[in-house]
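Visitor: Hello! I am new to this structure and would like a close look at one part of it.

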Amino acid sequence: SRPTDKNGLLSDGLLLLQHWQALASIMADFDVIVMQEIPGNEKLREERIMVFLTMLTKGTAEGRTWSYVYSIPSAKAGGNKECHVAFVRSPLTIEKVYTWQTAGTAPSILLDYAPLQILVSDPKRPGFKLCLTSVHLPPAKPPERARQRDTQLNAVLKNYWDHVRAEWNLARTSKGAKDAKKTDQVVHIIAGDFNVFPGIVDADAEGTEIERFHLTKHDFVATIPETAATSSGGKSYDNLLVDTTTYKKYMPHGAVMRLVKQQNSAASKAGLSDHNPVTLTLEFFEEVR
């Protein structure tokens, strides 16, 4: 059925709500959901979370429940504070939560929209853990913000492994899947709106290609290709980075979920979001002997 007002006209607000419910029903099939740019104001944050949680629950299989956590609200000085929210479906459980506010030392880099980090475990797979980091980097314009974006993303990637070892005693498993079998199998994912393709390659004065953010050096792989548009402006801004060991071991498959009703502020077009959701599937397959 299509919602209409007293004059028989379609109500934009109700139609938008209907689209949100449809999207939530699809999202309910996933195990973990992260969202960025949730209002930092406590009242608004709880209202938004509860509305989405209600929609999510409607589409969730019987016997499954959702838990959620959010980050400490933050923003560039003078801006509206925002937070990240993570929803996790049972039987998965959230073991640890952390808001990453600065990266590196001497000097440390302040992260505008402080990433939310969660450590998730699965009782059906003892020893398997998921370390998920939700990020939102500064915008691509003006140039000053683009420079801050690059500085902050470089700091996150450069300091990631030292950071998770210091906070949660998680080791870097960069030697391949065989080494990873000796300890807990930890999947590392950095997901969200990077406002740039995180695997972007630049050319120096001599024409030599260099990764701007040194993904390979820092043991991460982008699962959404640079050619895939994720925003209403046709940019490849959203991604899910996985550590190299995970990339070899679990055949991660990244995808872009196209929204039927996408927001486009420049065209005054209301919608669910001006970014399409990006998704990641990990496959537990039988290994060769």
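Visitor: Let us start with a single residue and work outward: what is the relative accessible area of Asp162, and does that make the residue buried, partly exposed or exposed?

Guide: Happy to show you around. Please keep in mind that this is a predicted model. The relative accessible area of Asp162 is 45%, and the residue is partly exposed. The reasoning is simple: buried means under 20% and exposed means over 50%, so a residue in between is called partly exposed. Arg165 gets the same label, since its relative accessibility is 44% and it counts as partly exposed. Salt bridges that share partners also join Arg149, Asp150, Asp202 and Arg212 into one network, and we will come back to two of those residues shortly.

Asp162 and Arg165 belong together in another way. They form a salt bridge, in which the closest N and O atoms are 2.8 Å apart. Both sit in helix α3, and because they are three residues apart there, about one helical turn separates them.

Let us find the start of that helix. Just before it, a cis peptide bond joins Lys141 and Pro142, with omega about -5 degrees. Pro142 lies in the loop that runs between β8 (128-136) and α3 (143-168). If you would like to see another bond of this kind, look at the one from Ser90 to Pro91, which is cis with omega near 10 degrees. There, Pro91 lies in the loop between β3 (82-89) and β4 (93-99).

Past the other end of the helix you meet Asn169, in the loop between α3 and α4 (177-180). Phi of Asn169 is near 55 degrees, which is a positive value in a residue other than glycine. Asn169 is exposed, with a relative accessible area of 67%. A second positive phi is found at Met251, this time near 45 degrees. Met251 lies in the loop between α5 (244-249) and β14 (253-256), and at 44% relative accessibility it counts as partly exposed.

Now back to the network. Asp150 forms a salt bridge with Arg212, with the closest N and O atoms 3.5 Å apart. This pair links distant parts of the chain: Asp150 is in helix α3, while Arg212 is in the loop between β11 (209-211) and β12 (220-222), 62 residues apart. Asp150 is buried, having a relative accessible area of 18%, whereas Arg212 counts as partly exposed at 24%.

For another salt bridge inside a helix, turn to α2 (residues 42-58), where Glu47 and Lys43 lie four residues apart, about one turn of the helix. Their side chains meet at 2.7 Å, N to O. Glu47 is partly exposed, with a relative accessible area of 38%, and Lys43 is exposed at 58%. In total, the structure holds 12 salt bridges.

Helix α3 also has a part in the interior. The largest nonpolar core has 26 residues, and those with the most contacts inside it are Cys131, Leu157, Tyr160, Ile190, Phe194 and Phe220. Two or more residues of this core come from each of β8, α3 and β9 (185-193). The largest share, eight residues, comes from α3.

Tyr160 is a good place to look around inside that core. Leaving aside its neighbours within four places in sequence, Tyr160 is in contact with Trp100, Gln117, Cys131, Thr133, His188, Ile190 and Phe220. Apart from this core lies another, of 20 residues, among them Val69, Ala86, Phe128 and Ala191.

One last stop takes us to an open space. About 390 Å³ lies in the second largest pocket. The pocket is lined by 17 residues, and those nearest its centre are Asn195, Ser231, Tyr237, Asp274 and His275. Its lining is made up of six nonpolar, six polar and five charged residues.

To return to your starting point: Asp162 is partly exposed, it pairs with Arg165 in a salt bridge, and the helix in which both lie gives the largest share of the largest nonpolar core.

Definitions and conventions: Residues numbered from 1 in each chain as written. Predicted model: local features only at pLDDT ≥ 70, side-chain atom pairs only at ≥ 80, totals over all residues. Heavy atoms only, no water. 1 Å grid on protein atoms, 1.4 Å probe; cavity = no way out; pocket = protein on both sides within 12 Å on 5 of 7 lines; lining within 4 Å. Points joined across faces, edges and corners; volume = space filled by probe spheres on them. Nonpolar A, V, L, I, M, F, W, Y, C, P; charged D, E, K, R; others polar. Buried < 20%, exposed > 50% of the residue type's maximum accessible area, 1.4 Å probe, protein only. Salt bridge = Lys/Arg side-chain N within 4 Å of Asp/Glu carboxyl O. Core = buried A, V, L, I, M, F, W, Y, C linked by side-chain atoms within 4.5 Å. Contact = heavy atoms within 4.5 Å.
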